[in-house]
There are 2 protein chains.
Amino acid sequence: MTPEHGTRRRILASARDLIYSRSYTGVGVAEICTRAEVKKGSFYHFFPSKRQLSLAVIDDLQNAIEDRGLSPAFAPDIPPLQRLQRFIEHLHAFQCAAAKTHGHLLGCPFGNLALELATSDELIRRKLAAVFAAIQARFEHVLTEAQTAGEFGVLDVPATAKAMLAYIEGVLLLAKTANDAALIRQLGPAVAQIRILPADC
Amino acid sequence: MTPEHGTRRRILASARDLIYSRSYTGVGVAEICTRAEVKKGSFYHFFPSKRQLSLAVIDDLQNAIEDRGLSPAFAPDIPPLQRLQRFIEHLHAFQCAAAKTHGHLLGCPFGNLALELATSDELIRRKLAAVFAAIQARFEHVLTEAQTAGEFGVLDVPATAKAMLAYIEGVLLLAKTANDAALIRQLGPAVAQIRILPADC
DNA sequence: ATTGCATTTTACCGATCGGTCTACTATTGT
DNA sequence: ACAATAGTAGACCGATCGGTAAAATGCAAT
């Protein structure tokens with residue numbers, strides 16, 4: 001088929017790691033190529049621009065996190081509310097691992113890119129908003145399941161899911177700023193207490 | 001004394017606005033000078049480097065927000081828990097105003113810088129951590145006051161304050177990503193429900 | 001063998017990056 | 001009046017930025 005010797009994949013992986021561990025503007029195409037062991041000409045054979053690459057990186061990250069992060073954590077083998085706690089535990093473990101290899105806590109890759117680029121690049125902003133919407137949907141699913149199990153009364157499920165996501169993003173932000181993963185364990189579990197009632201109260 | 005015609009102030013204000021509305025790496029010294037109506041030579045007369053400028057910008061922002069944001073919102077003219085709601089309202093109003101003038105929601109300037117630079121610049125990271133600690137102290141004050149008024153039982157006050165700050169940072173992150181200030185009004189008020197109990201339960 | 005295409009290599013582009021240097025102009029204290 | 005000093009102006013630096021052009025190479029089908 002396509003004889004491509006994994007070059008595209010290597011570029012993508014290199015960009016993913018570098019941008020995640022630093023920032024979008026803080027990483028240059030040259031450095032991405034060096035780490036991927038690829039010449040700049042090859043880079044621009046597979047990606048028309050650094051910006052397009054970043055869009056591909058976001059897709060790649062979303063798939064990876066969806067498959068290796070969200071799906072295992074939210075698997076229906078335990079009651080819905082316990083899945084939230086498992087998610088926090090996974091988050092903590094992942095951030096610890098990243099901190100050990102990179103020397104710094106890296107936080108949420110989408111949150112990082114969002115705060116850096118949301119005002120500069122409308123397309124990236126929208127793409128990141130879509131990623132957040134997808135994660136929010138996971139929380140919504142857990143909430144509705146818990147609700148049908150009689151877990152709590154009236155609830156604005158989408159709003160509560162959004163609030164939970166916000167809380168977790170905020171915890172990751174503070175943890176990254178403090179470079180301290182313990183914050184995730186300390187603050188994370190409280191996510192399950194968050195509730196937003198319907199507006200017509 | 002110093003004849004300085006407000007040059008330093010103009011540089012600081014220009015940098016504050018530009019960096020806040022875009023990012024640190026996304027703004028160049030040349031652009032900062034242009035907006036401040038200052039030549040590059042003058043810039044480097046007042047600031048030894050772009051990095052040092054950014055530290056001064058953080059100080060400047062902290063003072064401004066402390067005086068014109070936090071102090072009014074947390075003033076003791078109303079019961080402690082109502083101050084939280086007033087703070088959310090102020091936040092919403094401020095973000096709306098910034099969104100109207102800049103075309104985009106800008107979020108929290110400290111959160112923006114933190115996620116962009118925390119892994120690249122240890123000094124800036126620590127400074128931002130200190131800013132967050134100062135804001136956390138405001139929440140702690142409100143919480144202890146509410147507690148002495150018999151508002152709630154046992155509570156890990158510092159942890160709860162940190163969790164509240166995390167939640168607000170997360171809400172601002174999502175609001176910026178969605179470019180929608182309504183999120184602040186929708187999710188913000190739930191900050192008052194957050195509680196973290198002492199570890200020895 | 002030869003064509004055709006995908007991939008790779010290398011050299012290069014103009015623009016911008018943060019930062020420096022020197023000369024000039026005010027202003028202030030004596 | 002004069003020297004010292006603070007501030008301004010603007011040319012200039014090497015490095016790096018994202019991106020381009022054109023050869024050279026590998027590989028597959030005819």
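Reader: At roughly what angle do the axes of helix H4 (residues 50-73) of chain B and helix H6 (residues 109-117) of chain B cross?

Author: In this predicted model, the two axes come within 11 Å and cross at roughly 150 degrees.

Reader: What makes H4(B) roughly antiparallel to H6(B)?

Author: An angle over 145 degrees counts as roughly antiparallel, and the crossing here is at roughly 150 degrees, so H4(B) is described as roughly antiparallel to H6(B). The crossing in which H4(B) passes H6(B) is left-handed.

Reader: Which residues of H4(B) and H6(B) meet, and how are they classed?

Author: On the side of H4(B) they are Ile58(B), Leu61(B), Gln62(B) and Ile65(B), and on the side of H6(B) they are Pro109(B), Phe110(B) and Leu113(B). By class, this contact has six nonpolar residues, one polar residue and no charged ones. Gln62(B) is polar because Gln stands in neither the nonpolar nor the charged group.

Reader: How do H8(A) and H6(B), which lie in two chains, stand to each other, and why?

Author: The axes of H8(A) and H6(B) come within 9 Å and cross at roughly 60 degrees. Angles under 35 degrees would be roughly parallel, and the roughly perpendicular range begins at 65, so H8(A) is oblique to H6(B). Their crossing is left-handed, and the contact joins Leu173(A), Lys176(A) and Thr177(A) of H8(A) to Gly111(B), Ala114(B) and Leu115(B) of H6(B). By class, the contact has three nonpolar, two polar and one charged residues.

Reader: Why are H7(A) and H8(A) called oblique to each other?

Author: Helix H7 (residues 122-148) of chain A and helix H8 (residues 157-178) of chain A have axes that come within 8 Å and cross at roughly 120 degrees. The roughly perpendicular range ends at 115 degrees, and roughly antiparallel needs an angle over 145, so H7(A) and H8(A) are oblique. The crossing of H7(A) and H8(A) is right-handed. Among the residues that make the contact are Phe132(A), Ile135(A), Phe139(A) and Leu143(A) of H7(A), and Val157(A), Ala161(A), Met164(A), Leu165(A) and Ile168(A) of H8(A). The contact as a whole has 10 nonpolar, four polar and three charged residues.

Reader: How many helices and strands does chain A have?

Author: Chain A has nine helices and zero strands, and its C-alpha atoms fill a box of roughly 60 × 35 × 35 Å along the principal axes.

Reader: Which residues come nearest to DNA strand D?

Author: Of the 14 residues around DNA strand D, those that come nearest are Val29(A), Lys40(A), Lys50(A), Thr7(B) and His45(B). Sugar and phosphate account for 62% of the atoms of this strand that come within 4 Å of the protein.

Reader: What makes the approach of Lys50(A) to DNA strand D a polar contact?

Author: A polar contact needs a pair of N or O atoms within 3.5 Å, and an N or O atom in the side chain of Lys50(A) is 2.8 Å from a phosphate oxygen of DNA strand D, so the pair qualifies. Side-chain N or O atoms of Tyr44(A) and of His45(B) each lie 3.0 Å from a phosphate oxygen of DNA strand D.

Reader: Which helix gives the most to the surface near DNA strand D?

Author: H3(B) gives the most, with four residues, although helix H3 (40-46) of chain A and helix H3 (40-46) of chain B each supply at least two. The residues of this surface divide into four nonpolar, six polar and four charged.

Reader: Where does the largest share of the surface near DNA strand C come from, and which residues are closest to that strand?

Author: The largest share, four residues, comes from H3(A). The strand is surrounded by 14 residues, of which the closest are Thr7(A), Ser42(A), Val29(B), Lys40(B) and Lys50(B). Of the atoms of DNA strand C within 4 Å of the protein, 54% belong to sugar or phosphate and the rest to bases.

Reader: How do you know that Val27(B) makes a polar contact with DNA strand C?

Author: A backbone N or O atom of Val27(B) lies 3.4 Å from a phosphate oxygen of DNA strand C, and the cut-off is 3.5 Å, so the pair counts. A backbone N or O atom of Lys50(B) is 2.8 Å from a phosphate oxygen of this strand, whereas the side chain of Lys40(B) has an N or O atom 2.7 Å from a base oxygen.

How values were computed
Residues numbered from 1 in each chain as written. Chains lettered and ligands numbered in written order. Predicted model: local features only at pLDDT ≥ 70, side-chain atom pairs only at ≥ 80, totals over all residues. Heavy atoms only, no water. Axes fitted to C-alpha atoms, helices over the stretch in contact; angles between N-to-C directions. Left-handed = near helix turned anticlockwise from the far one by under 90°. Contact = heavy atoms within 4.5 Å. Near = heavy atom within 4 Å. Polar contact = N/O pair within 3.5 Å; in protein donor to acceptor, adjacent residues only side chain to side chain.
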